[in-house]
Amino acid sequence: MKKVEVMLIDAHPGRSAILEQALSDAGYHITVRTANTDKLLQQVRDAQPDVILIDIDLPDRDTLEQLSDVGQNQPRPIVMFAERSDPETTAAALRAGVSAYVVDDLNPRRLQPIMEVAIARFREYQALRRELEETRNRLAERKVIDKAKGLLMAQRNLSEEEAYQTLRKLAMDRNQRIGEVARTVASLLEMLG
């Protein structure tokens, strides 16, 4: 079984060494060890870690922006340990894509369950995100089909079923999705007026 590759971000070498040992003991492999989040997106693109673990006193706006960029462009589980926090910072970290936000001293024995929960939470979130995107796409396609049907009904004096069957036949003849055909038909019929 492939070890989970971890990018470790910690400005404190002593604390970082403890984290690295705890991760290694838990069966993780450190791909990258860095002291800051400068050019984090590029670092993630280069290293392709499975998980990002960041240990920080208190995340600042720049760090959260860097994490947000990663979440949008190279999504992966992010585990953040912070020495202190406030409700606004916690909420901002979660909006930035942090999967697990833990405040307090890190107990190495707790590291593995926290990592497992963060990875599971990330996967669940990504599945929901994909499902939402698919639903949005289906809804948009449905709207285009309905628009094309309406235009066909108005300009060709067809029933709703006849308009749908016309779109369906065109899609089958062209070996295209009905939504693609509906988009083309709607554009053409709108141009013709």
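Which residues does L167 touch, not counting residues up to four places away in sequence? I opened the notebook with that one, keeping in mind that this is a predicted model.

**Entry 1: L167 and its surroundings**

I found L167 in helix α6. Leaving out residues up to four places away in sequence, L167 touches I145, A148, K149, L152, I178, V181, A182 and V185. Then I looked up its exposure: the relative accessible area of L167 is 0%, and with buried meaning under 20%, L167 counts as buried. I also checked one C-alpha to C-alpha distance, and L167 and G179 came out 8.8 Å apart in space, with their positions 12 residues apart in sequence.

**Entry 2: the helix around L167**

Next I took α6 as a whole. How far apart are the end C-alpha atoms of α6? Helix α6 covers residues 160–174, which is 15 residues, so at 1.5 Å a residue it should span 21 Å. Its end C-alpha atoms are 21 Å apart, in agreement with that.

I then listed buried residues in α6 and noted A163, L167 and A171. These cover an arc of only 75° around the axis, so they sit on the same side of α6. On the other side of the helix I noted K169, M172 and D173, which are exposed. I asked myself what the buried residues of α6 pack against. They pack against α5 (108–156) and α7 (178–192). Just past the helix comes N175, and I jotted down that its phi is positive, near 55°.

**Entry 3: α5 against α6**

Two packed helices are described by the angle between their axes and the distance between the axes. For α5 and α6 I wrote down axes that come within 9 Å and cross at roughly 115°. The crossing, as α5 passes α6, is right-handed. Where they meet, α5 contributes I145, A148, K149, L152 and M153, while α6 contributes E160, A163, Y164, T166 and L167.

**Entry 4: L111, also in α5**

I stayed with α5 and picked L111, which is found in that helix. Is L111 buried or exposed? L111 is buried, because its relative accessible area is 0%. Setting aside residues up to four places away in sequence, I listed L19, A22, L23, L53, F81 and L106 as the residues L111 touches. One pairing caught my eye: L111 and A26 are 85 residues apart in sequence, yet 7.9 Å apart in space, C-alpha to C-alpha.

**Entry 5: α3**

I ran the span check again on helix α3, residues 61–73. With 13 residues at 1.5 Å each, α3 should span 18 Å, and its end C-alpha atoms are 18 Å apart, which agrees. Which residues of α3 are buried? I have T63, L64, L67, V70 and G71 on the list. Looking down the axis of α3, I see its buried residues fall within an arc of 115°, so they line one face of the helix. R61 and Q72 are exposed on the face turned away from that buried side. As for what covers the buried residues of α3, my list includes α2 (40–47), β3 (51–56), β4 (78–82), α4 (87–95) and α5.

**Entry 6: E5**

Last, I looked up E5, which lies in strand β1, residues 5–10. Its contacts, apart from neighbours within four places in sequence, are H29, T31, P49, D50 and V51. With H29 there is a polar contact, side chain to side chain, at 2.7 Å.

Terms used. Residues are numbered from 1 along each chain as its sequence is written. This is a predicted model: local features need pLDDT of at least 70, side-chain atom pairs count only at pLDDT 80 or more; totals for chains, interfaces and linings use all residues. Side-chain values use heavy atoms; hydrogens and water are left out. Helices (H or I, at least four residues) and strands (E, at least two) are DSSP runs, numbered from the N terminus. The expected span of a helix is 1.5 Å times one less than its number of residues. Buried means under 20% relative accessible area, exposed over 50%, partly exposed in between (1.4 Å probe, protein chains only). The arc is that of the directions from the helix axis to the C-beta atoms. Contact means heavy atoms within 4.5 Å. A polar contact is a pair of N or O atoms within 3.5 Å; within protein, one must be able to donate a hydrogen and the other to accept it, and residues adjacent in sequence count only if both atoms are side-chain atoms. Axes are lines fitted to C-alpha atoms, for helices over the stretch in contact, and angles run from 0 to 180 degrees between N-to-C directions. A crossing is left-handed if the near helix is turned anticlockwise from the far one by less than a right angle, and right-handed if clockwise.
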